[in-house]
Amino acid sequence: MVSRVRVWLNRTYAENVFFMDQLRSNPQRRAVEIHATHGDPDSPVLAAADTAAMEPDGLSPAAYVEYALDQCARHSVDVFVPVLHQPAIVAHRADFAAVGTALLAPSVEAVAVFHDKATAYQAVQAVGVPVPPWWRVRTPEELVAAVESLEADGHRACFKPAAGAGGVGFRVLTRTPFSMMHLNGFPSPYVPLDLVVEAMRQADEPVDWLVMPRLEEPEVSVDCLTGPDGRVRMAVGRTKNGRRRGFTLHPSWIEPARLIAEAFGLHYLTNIQFRMFGDEPVLMDVNTRPAGGLHQLAQCGVNAPWAAVQLALGEETGELVPPALAPDYTVVAGPRPVRPVSLPQQRTDALAPAPALTPTLPAVPAPAAEVTAAPVTAPASAGASAGATSAAIAPA
């Protein structure tokens, strides 16, 4: 009898409920139990897990490693997918192996290279992957000089933190004076250069930004699965052009992604993003973790999360090639369950308040009258578990 696999996802993004669905619907029909931890009691990943726990606040990276080792030993974790404090965790891979846990994360050297975007751009450029022109700035004077250089070549300047995930901190610089235009409608990424310069001058410490031209669509996120032997088993691009999403295996995106994954030891699941600079694809970002939209590959008949767990367990998957690329689509929000509310003032009915979260919780569905819904933006996954509500997919 094949034993069940115990997987832990630490503090992560809501879309990973679909990651969990795909683990449970694996083609080998292997039993999978999922442990999840988070700092937000209303995270849908806690409701989707088999067991769940609230993470302690304020831990240093070193203290978090000790907490993580205890979680792995306490819950007999076979595979740990770390997002929070990934750099500190991968530096202790041997300690996790000693308690029987494999880390589904790249090498410590790869995480260090791609934690800092300036270091990453220098490294990938050295192996022949094109990158956009960029400047690292820490002072107002450096910012203005970088913007003027870009504008002289006809580009619009933008900036983002040198270290960070997703689009957090991304802004597009404009010379337009601040006016009601900036206050009408929804918040915009456009910020006047003079206000940014003034904010930098009043800041208590220097910023650490990368300034570069605003890159054009399409944006292509290549999801890679690479074994611990350094060989890529899967590389599939997810395209984004406005609301329209699709898939690609075109070499202009896939080959540079494979080169990066193999050259830098980006083991297991990583996501490598490109955009257009003129008529050339250039690297935008490298994420040393599974992408939030990874589950969308299920539309092409690929279960990447389960294949990654197999590799982490030492099982060979062979090449993962989509049997066909799915048609273009768009994404809309859909409901997912959360745990029963723990604050009485949130309730509007006469039901008794739900108990507060305990340190470790079984993830059983709450009664219908006690369930609220948290929207997540994602398409329906081919591996979505029965009974879970999935987001709809419509043609763009």
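pLDDT is the predictor's confidence in each residue, on a scale from 0 to 100. The structure described here is a predicted model. Its mean pLDDT is 87. A value of 70 or more is reached by 85% of the residues. One stretch falls well outside that range: over residues 346–396, pLDDT stays under 50. For this stretch the model has 117 contacts beyond four places in sequence.

Strand E1 spans residues 5–9 and is mostly covered. Of its 5 residues, 5 are buried. Both of its faces are covered. Val-5, Val-7 and Leu-9 lie on one side. Arg-6 and Trp-8 lie on the other, and these residues too are buried. E1 pairs with strand E2, residues 32–38. The pairing is parallel and runs over 5 bridges. Within it, Leu-9 of E1 stands opposite Ala-36 of E2.

A further sheet is open and holds 5 strands. Their order is E6-E10-E7-E8-E9, and the pairing is mixed. Strands E6 (135–137) and E9 (190–192) stand at the edges. Each has a single partner strand, so one side of each is left without a neighbour in the sheet. On average, neighbouring strands of this sheet are turned by 35° against each other, direction ignored. At one edge, E6 pairs with strand E10, residues 209–213. This pairing is antiparallel, over 3 bridges. Val-137 has Trp-209 in E10 as its bridge partner.

Two helices lie across strands of this sheet. Helix H7 lies across E6, strand E7 (157–161) and E10. H7 runs at about 50° to E10. Helix H8, residues 140–152, lies across E6, E7, strand E8 (171–174) and E10. H8 runs at about 155° to E6.

H7 also packs against another helix. H6 covers residues 108–115 and H7 residues 117–126. Their axes are 5 Å apart and meet at an angle of about 110°. Angles of 65 to 115 degrees count as roughly perpendicular, and H6 is therefore roughly perpendicular to H7. From H6, the contact is made by Val-113, Phe-114 and His-115. From H7, Lys-117, Thr-119, Ala-120, Ala-123 and Val-124 take part. These contact residues divide into 5 nonpolar, 2 polar and 1 charged.

Several backbone features were also noted. The peptide bond from Glu-217 to Pro-218 is cis, with omega near 10°. Pro-218 is placed in strand E11, residues 216–226.

His-85 is not a glycine, yet has a positive phi of about 55°. This residue lies in the loop between strand E4 (79–81) and helix H4 (86–90). The relative accessibility of His-85 is 23%, so the residue counts as partly exposed.

Tyr-268 likewise has a positive phi, of about 65°, although it is not a glycine. Tyr-268 lies in strand E14, residues 268–277. The cut-off for a buried residue is under 20% relative accessible area. Tyr-268 has a relative accessible area of 7% and is therefore buried.

Conventions. Residues are numbered from 1 along each chain as its sequence is written. This is a predicted model: local features need pLDDT of at least 70, side-chain atom pairs count only at pLDDT 80 or more; totals for chains, interfaces and linings use all residues. Side-chain values use heavy atoms; hydrogens and water are left out. Contact means heavy atoms within 4.5 Å. Axes are lines fitted to C-alpha atoms, for helices over the stretch in contact, and angles run from 0 to 180 degrees between N-to-C directions. Helices (H or I, at least four residues) and strands (E, at least two) are DSSP runs, numbered from the N terminus. Angles under 35 degrees count as roughly parallel, over 145 as roughly antiparallel, 65 to 115 as roughly perpendicular and the rest as oblique. Ala, Val, Leu, Ile, Met, Phe, Trp, Tyr, Cys and Pro count as nonpolar, Asp, Glu, Lys and Arg as charged, and the others, Gly among them, as polar. Buried means under 20% relative accessible area, exposed over 50%, partly exposed in between (1.4 Å probe, protein chains only). Two strands pair if DSSP finds at least two bridges between them.
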